[in-house]
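This briefing goes through one protein model topic by topic. Please have the sequence and the coordinates at hand while reading.

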Amino acid sequence: MSDAGDWLLFSYSVPKNPSTVRVALWRRLRDLGVLYIAPSVCLLPASAGRAGSLEACRQIAFDAGGTARLLPIHVADAEANGALIEEFRALRAAEYGELLERAEAMLTELSRESEGGKFI
């Protein structure tokens, strides 16, 4: 992640019903690894690939009758930018921690099943 202070800000609003669109958009954004800074407002470090992915999310919002904005921003204040970077890193660390917990649980289960001769 670059420490330059260049981010993509994405904000959106979609109709409450049907909720499937709102949930699908939230899941897609979560899969991209966004940092939510307010309800329906999130950030990603700037890159061309991420901009394309967020454009696809913007189209989902428009297709559902909602609105969305994708704005490149620069956070010039080094302290504020550093705080955003730390929040972003903490979010990733929490996700990796969860992944490690699940992997350890799976290995424990595989070991237990192997000891019992269960290979299903």
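Contact here means heavy atoms within 4.5 Å. By that criterion, and not counting residues up to four places away in sequence, Arg 92 touches Gly 33 and Val 34. The model is predicted. The points below cover the nonpolar core, strand β1 and its partners, helix α3, the aromatic pairs, the cysteines and two backbone features.

**Nonpolar core**

- The largest nonpolar core has 23 residues.
- Within this core, the residues with the most contacts are Trp 7, Phe 10, Tyr 12, Leu 25, Leu 29, Leu 54 and Leu 84.
- At least two core residues come from each of β1 (6-13), α1 (19-32), β3 (41-45), α2 (48-63), β4 (67-74) and α3 (78-115).
- Strand β1 gives the largest share, with five residues.
- As a general background, nonpolar side chains in soluble globular proteins tend to be buried together.

**Strand β1 and its partners**

- Six of the eight residues of β1 are buried, so the strand is mostly covered on the cut-off of under 20% relative accessible area.
- β1 and β4 run antiparallel and are joined by eight bridges.
- Across from Tyr 12 in β4 stands Ala 68.
- β1 also pairs with β3, in the antiparallel sense, over five bridges.
- Leu 8 has Leu 44 of β3 as its bridge partner.
- Tyr 12 is in contact with Leu 25, Leu 29, Tyr 36, Ser 40, Thr 67 and Ala 68, leaving aside its neighbours within four places in sequence.
- Ser 11 is also found in β1, and its relative accessibility of 17% counts as buried.
- Not counting residues up to four places away in sequence, Ser 11 touches Ser 40, Val 41, Thr 67, Ala 68 and Arg 69.
- Ser 40 is thus in the contact list of Tyr 12 and in that of Ser 11.

**Helix α3**

- Arg 92 lies in helix α3.
- Arg 92 has a relative accessible area of 16%; buried means under 20%, so this arginine is buried.
- A polar atom of the Arg 92 side chain lies 2.8 Å from the backbone oxygen of Gly 33.
- Ala 103 lies in α3 as well.
- With a relative accessible area of 35%, Ala 103 is partly exposed.
- The C-alpha atoms of Ala 103 and Ala 76 are separated by 40 Å, and the two residues are 27 residues apart along the chain.

**Aromatic pairs**

- The structure holds two aromatic pairs.
- In one of them, the ring centres of Trp 7 and Phe 88 are 6.0 Å apart and the planes are at 70°, so the pair is edge-to-face.
- Because Trp 7 lies in strand β1 and Phe 88 in helix α3, the pair ties together parts that are 81 residues apart in sequence.
- Trp 7 and Phe 88 are both buried.

**Cysteines**

- How many disulfides does a search of the whole structure find? The search finds zero.
- Cys 42 is in no disulfide, and its nearest cysteine sulfur, that of Cys 57, is 8.0 Å away.
- Cys 57 is likewise in no disulfide, with the sulfur of Cys 42 as the nearest cysteine sulfur, 8.0 Å away.
- A disulfide needs the two sulfur atoms within 2.5 Å, so a separation of 8.0 Å rules out a disulfide between Cys 42 and Cys 57.
- Cys 42 is buried at 1% relative accessibility, and Cys 57 is buried with a relative accessible area of 0%.

**Backbone features**

- Most residues other than glycine have a negative phi, and most peptide bonds are trans.
- Where is Pro 18 placed? Pro 18 is in the loop between β1 and α1.
- The peptide bond from Asn 17 to Pro 18 is cis, with omega near 0°.
- Ser 40 is not a glycine, although it has a positive phi of about 65°.
- The loop between β2 (35-38) and β3 holds Ser 40.
- Ser 40 is partly exposed, with a relative accessible area of 26%.

Terms used: Residues are numbered from 1 along each chain as its sequence is written. This is a predicted model: local features need pLDDT of at least 70, side-chain atom pairs count only at pLDDT 80 or more; totals for chains, interfaces and linings use all residues. Side-chain values use heavy atoms; hydrogens and water are left out. Buried means under 20% relative accessible area, exposed over 50%, partly exposed in between (1.4 Å probe, protein chains only). A nonpolar core is a set of buried Ala, Val, Leu, Ile, Met, Phe, Trp, Tyr and Cys residues joined through side-chain atoms within 4.5 Å. Helices (H or I, at least four residues) and strands (E, at least two) are DSSP runs, numbered from the N terminus. Two strands pair if DSSP finds at least two bridges between them. A polar contact is a pair of N or O atoms within 3.5 Å; within protein, one must be able to donate a hydrogen and the other to accept it, and residues adjacent in sequence count only if both atoms are side-chain atoms. Rings of Phe, Tyr and Trp (its six-membered ring) pair if their centres lie within 6.5 Å; planes under 30 degrees apart count as stacked, over 60 as edge-to-face and the rest as tilted.
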